[in-house]
Amino acid sequence: MGKIISNPKNYTGNELESVFFRPLVSGPSALDLGIRMMYNMPVPTTLNFWKRGVDLLQKYSAGWNGSSASDKYQKVIELSKVKAEMGYGAEDYFSMVYERIAGSPEVNLGDLSGTELEEAETALFRESIAESIRATMWVGDTARCGGFNTFDGFFKRLMADTGTGADDVKRVEMTSMATAGNAEKLFKAMYAAAPAELRSMKADGHLVLLVTRDVAENYEESLLSGSLDSVRAAKINGIDRLSFRGIPVVDIQADAYLTAVGDQPTSWAILTDSRNLAVAVNTSDFPGSEVAMWYNPDQMENRQRATFMAGCDYLLPELIVTSYTAV
């Protein structure tokens, strides 16, 4: 059995969307962390949030006396042209792809030239791109010399917009998560400081607390303290989903990336509406958007390349953020 995968693949147009990017941005994936995903929306890509109309009822009378349109917030998401390139030694690449399909009973391991091989290669690259987008949407900074600098992420945007004005992002100071119970105290302070409009979204099930791992673990320790039977059961079985007053507490899994960049606070907690933070990916309005995979015989290397547009932003000003830089 040869250990070289040499069949070239190239996705453009509708195939680029249906085979490669559509599975990346829909369903459970690395991006499925309480963030809105917008794919191939018209450029300029606009993030909208409509407020429901109130006081619509009127006393009955002849004629038309319609109310004004509902209020809405809008913001244009800036998209950046990006590319992703990966190269593997031929044998390493073969082993990685082979491992993904070896357990499938439908695969003929003596003939690795069918659709199963193409699907495995595509999934391997797609997962890498999804994780790269997810990391950049949190820690991205275009002013950084290297590492996650293709577009500005949520952290940079939130820090830049923090203030005391009516349209500024609100901030509550965070104390060290090395002290037990501080996460719970922090959540209480954030909820108390949240505007009434933001707290009202709890009833609709849209509020979410997006936190780094140290905050999540500190809060979990608080839930596991005590001697009640329910606490004992939780210590044995674990807690599947953390929540505070019915608000999901989600570990955004960005700790390794915050440590790697070293220029942003390493601990975060964000209280927001789950529809507020959005990532946009576009492959239809960028000439030259494609995904290509090929074998380079001169270097004996399998290569993968994707070119597309991506960006992220938030919309509502009623956002409570807290952060500190660990020493």
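So, to start: a polar contact is a pair of N or O atoms within 3.5 Å, where one must be able to donate a hydrogen and the other to accept it. Keep that in your head for a minute. Oh, and what you're looking at is a predicted model.

Here's where we use that definition. The side chains of Arg157 and Asp313 are joined by a polar contact of 3.5 Å. Arg157 has another partner as well: a polar atom of its side chain lies 3.0 Å from the backbone oxygen of Cys312. If you skip residues up to four places away in sequence, Arg157 touches Glu78, Asp152, Cys312, Asp313 and Tyr314.

Now, is Arg157 buried or exposed? Arg157 has a relative accessible area of 16%, and the cut-off for buried is under 20%, so Arg157 counts as buried.

Where is Arg157? Look for helix α4, residues 154–161. Arg157 has company there, since Phe154, Phe155 and Leu158 are buried in α4 too. Around the helix axis these residues cover an arc of only 165°, so they sit on the same side of α4.

You can see that pattern again in helix α7, residues 213–223, where the buried residues are Val215, Ala216, Asn218, Tyr219 and Ser222. Their arc is only 165° around the axis, which means they lie on the same side of α7. What covers them? The cover includes helix α5 (182–193), along with strands β7 (207–211), β8 (242–244), β9 (247–251) and β10 (267–273).

Okay, let's zoom out. The protein has nine helices and 14 strands. Of its 327 residues, 43% are buried. And take the contacts between residues at least 6 apart in sequence: 75% of those join residues at least 24 apart.

Next, the inside. In soluble globular proteins, nonpolar side chains tend to be buried together. In our model, the largest nonpolar core has 52 residues, and the ones with the most contacts inside it are Ile129, Trp138, Ile270 and Phe308. Which helix gives the most to this core? That's helix α3, residues 115–139, with eleven residues. Apart from that core lies another one, of 25 residues, including Phe187, Val215, Ala269 and Ile320. You've just met Val215, by the way, as one of the buried residues of α7.

Let's pick out Ile270 for a second. Leaving aside neighbours within four places in sequence, Ile270 is in contact with Trp138, Phe155, Leu158, Met190, Val208, Leu209, Leu210, Leu319, Ile320 and Val321. Two names there should ring a bell: Phe155 and Leu158 are among the buried residues of α4.

On to the rings. What do we need to describe a pair of aromatic rings? The distance of the centres and the angle of the planes. The structure holds ten aromatic pairs. One of them is Phe21 with Tyr39, a stacked pair at 6.2 Å centre to centre, with 15° between the planes. Phe21 is in helix α1 (residues 13–25) and Tyr39 is in strand β2 (residues 36–39), so to speak 18 residues apart, and the pair links these distant parts of the chain. Both Phe21 and Tyr39 are buried. There's also an aromatic cluster, made of Trp138, Phe154, Phe155 and Trp268.

Some rings have a charge over them. Find Tyr314, which we met as a contact of Arg157. The charged end of Lys75 sits over the Tyr314 ring, 4.1 Å from its centre. Then there's Tyr191, with Arg199 over its face at 6.0 Å from the ring centre.

Last bit: some backbone spots to click on. The peptide bond from Val43 to Pro44 is cis, with omega near 0°. Pro44 is in the loop between β2 and β3 (45–50).

Then look at phi. Phe148, in the loop between α3 and α4, has phi near 50°, a positive value in a residue other than glycine. Phe148 counts as partly exposed, because its relative accessibility is 25%. Arg245 also has a positive phi, near 50°, and Arg245 is in the loop between β8 and β9. With 45% relative accessibility, Arg245 counts as partly exposed.

That's my tour, thanks!

Definitions and conventions. Residues are numbered from 1 along each chain as its sequence is written. This is a predicted model: local features need pLDDT of at least 70, side-chain atom pairs count only at pLDDT 80 or more; totals for chains, interfaces and linings use all residues. Side-chain values use heavy atoms; hydrogens and water are left out. A nonpolar core is a set of buried Ala, Val, Leu, Ile, Met, Phe, Trp, Tyr and Cys residues joined through side-chain atoms within 4.5 Å. Buried means under 20% relative accessible area, exposed over 50%, partly exposed in between (1.4 Å probe, protein chains only). Helices (H or I, at least four residues) and strands (E, at least two) are DSSP runs, numbered from the N terminus. Contact means heavy atoms within 4.5 Å. Rings of Phe, Tyr and Trp (its six-membered ring) pair if their centres lie within 6.5 Å; planes under 30 degrees apart count as stacked, over 60 as edge-to-face and the rest as tilted. A charge sits over a ring if NZ of Lys or CZ of Arg is within 6 Å of the ring centre and within 35 degrees of the ring normal. The arc is that of the directions from the helix axis to the C-beta atoms.
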